[in-house]
Amino acid sequence: MAKAADGGVTLAVASGKGGTGKTTVAVSLALAAGDRGSVEFIDCDVEEPNAHLFLSPRITGREAVEILVPEVDLGRCTFCGRCAEACRFGALAVVGRKVLFHPELCHGCGLCALACPERAIRERPEAIGWVEEGEAQGVRFLQGILNVGEPMATPIVRKLKERMGQRQLTILDAPPGTGCPVIETLKGADFALLVTEPTPFGLHDLRLALEVTQILGVPAGVVISKDGIGTDTVERHCRDQEIPVLLRIPMDRRIASAYAHGIPLLEVLPEWTDPFLGLLEASLNGAKRAR
Ligand code: SF4
Ligand code: SF4
């Protein structure tokens with residue numbers, strides 16, 4: 001897997017669910033750090049990439065992402081059903097003298113071709129989305145886009161990460177949740193910033209996200225967004241688990257309105273540049289300590 005440039009650092013910004021302000025944090029970090037140069041921003045939320053709305057990148061390159069899917073040669077097929085048995089995603093079914101293929105379930109793992117005793121399965125490439133590259137306010141910008149209806153986000157995240165590592169600081173905007181695309185995003189990161197709301201639901205999602213970072217061995221810190229709306233349950237949990245709370249962003253109508261209009265937080269409230277630079281510094285220190 002690609003790593004950040006030599007001596008560079010990869011920071012992933014994640015959250016247990018959508019709508020917590022994860023992209024606001026990731027974009028603000030990139031814009032605050034961008035003035036120092038040598039920064040790249042990668043939007044790994046390939047099902048719903050939205051960082052481009054705030055960064056308005058100039059896109060200069062685009063590449064399709066393909067997976068290999070099976071194609072059965074009915075002339076060789078004996079309809080033995082081994083391929084369907086091997087497919088744990090239920091993408092193949094053998095009914096009488098027909099092999100039914102459900103592309104929306106296929107993960108492109110290639111097992112069916114290996115399982116076929118007649119070598120009747122050929123693998124053909126199928127596009128599932130694409131990656132784009134460009135530049136936004138001095139920051140190298142990458143994003144992935146999954147075709148509508150495609151179930152497989154992970155190969156696009158993998159392709160994005162193959163292209164990273166050309167700058168001293170890489171900021172990964174992870175997809176929401178704790179599924180495979182999030183794990184792929186967090187793998188190999190030097191530090192994870194977990195964005196959460198100070199509510200019992202926020203704590204539930206934070207716990208899951210922390211579990212993932214712990215399994216992957218990625219050190220983590222917490223950013224509390226919409227601070228003031230809930231309880232101190234997240235703070236208490238972080239204190240008990242010795243997870244640092246590195247920034248608290250208050251519930252502020254100006255921030256919500258800027259988000260709704262696709263305007264970066266730092267453009268509306270430039271006084272937040274220093275707190276985000278502080279967050280960056282704390283994250284870099286957290287990454288260094290873990291090395
Ligand atoms: S394993 Fe091969 S021969 Fe058997 S049903 Fe599948 S494609 Fe046909
Ligand atoms: S490539 Fe993998 S997921 Fe797709 S049909 Fe074959 S066994 Fe199933």
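Me: By class, how many nonpolar, polar and charged residues does the shell around ligand 1 have?
Reply: Keep in mind that this is a predicted model. There are 15 residues around ligand 1, and Cys77, Cys80, Arg82, Cys83 and Cys116 are the closest. Sorted by class, the shell comes to eleven nonpolar, two polar and two charged residues.

Me: Phe79 has a positive phi, so where is it found, and is it buried or exposed?
Reply: Phi of Phe79 is near 60°, a positive value in a residue that isn't glycine. Phe79 is found in the loop between S3 and helix H3 (82-86). Being buried takes 20 or more other C-beta atoms within 10 Å. Phe79 has 17 such neighbours, so it counts as partly exposed.

Me: And Lys226, is that one buried or exposed?
Reply: Lys226 also has a positive phi, near 50°, and its place is in strand S10. Because 22 other C-beta atoms lie within 10 Å, Lys226 counts as buried.

Me: What is the strand order in the open sheet of nine strands?
Reply: Start with the edges: strand S3 (58-72) and strand S11 (245-250) each pair on one side only. The pairing in the sheet is mixed, and the twist averages 20° from one strand to the next. Reading across, the order is S3-S6-S7-S2-S8-S1-S9-S10-S11.

Me: Which residue in S9 does Val13 stand opposite?
Reply: Strand S1 covers residues 9-14 and strand S9 covers residues 191-196. These two pair in the parallel sense over four bridges. Opposite Val13 in S9 stands Leu193.

Me: Which helix gives the most to the largest nonpolar core?
Reply: That core has 71 residues, and those with the most contacts inside it are Val13, Leu29, Ala30, Ile171, Ala192 and Leu194. The top contributor spans residues 22-34 and gives eight residues. It's helix H1.

Me: Which residues is Leu194 in contact with, leaving aside its neighbours within four places in sequence?
Reply: Leu194 is among the residues with the most contacts inside the largest core. Its contacts beyond those sequence neighbours are Ala14, Ser15, Leu206, Ala209, Leu210, Ala220 and Val222.

Me: At about what angle does H1 run to S8?
Reply: H1 lies across several strands: S1, strand S2 (39-43), strand S7 (139-146), strand S8 (169-173), S9 and strand S10 (220-227). Relative to S8, H1 runs at about 165°.

Me: What about helix H11, at about what angle does it run to S11?
Reply: Helix H11 takes in residues 273-290 and lies across S1, S9, S10 and S11. Against S11, helix H11 runs at about 155°.

Definitions and conventions:
Residues are numbered from 1 along each chain as its sequence is written. Chains are lettered from A and ligands numbered from 1 in the order in which they are written. This is a predicted model: local features need pLDDT of at least 70, side-chain atom pairs count only at pLDDT 80 or more; totals for chains, interfaces and linings use all residues. A residue is near a molecule or strand if its C-beta atom, placed from the backbone, lies within 6 Å of it. Ala, Val, Leu, Ile, Met, Phe, Trp, Tyr, Cys and Pro count as nonpolar, Asp, Glu, Lys and Arg as charged, and the others, Gly among them, as polar. A nonpolar core is a set of buried Ala, Val, Leu, Ile, Met, Phe, Trp, Tyr and Cys residues joined through C-beta atoms within 7 Å. A residue is buried if 20 or more other C-beta atoms lie within 10 Å of its own, exposed if 12 or fewer, and partly exposed in between; C-beta atoms are placed from the backbone. Two residues are in contact if their C-beta atoms, placed from the backbone, lie within 7 Å. Two strands pair if DSSP finds at least two bridges between them. Axes are lines fitted to C-alpha atoms, for helices over the stretch in contact, and angles run from 0 to 180 degrees between N-to-C directions.
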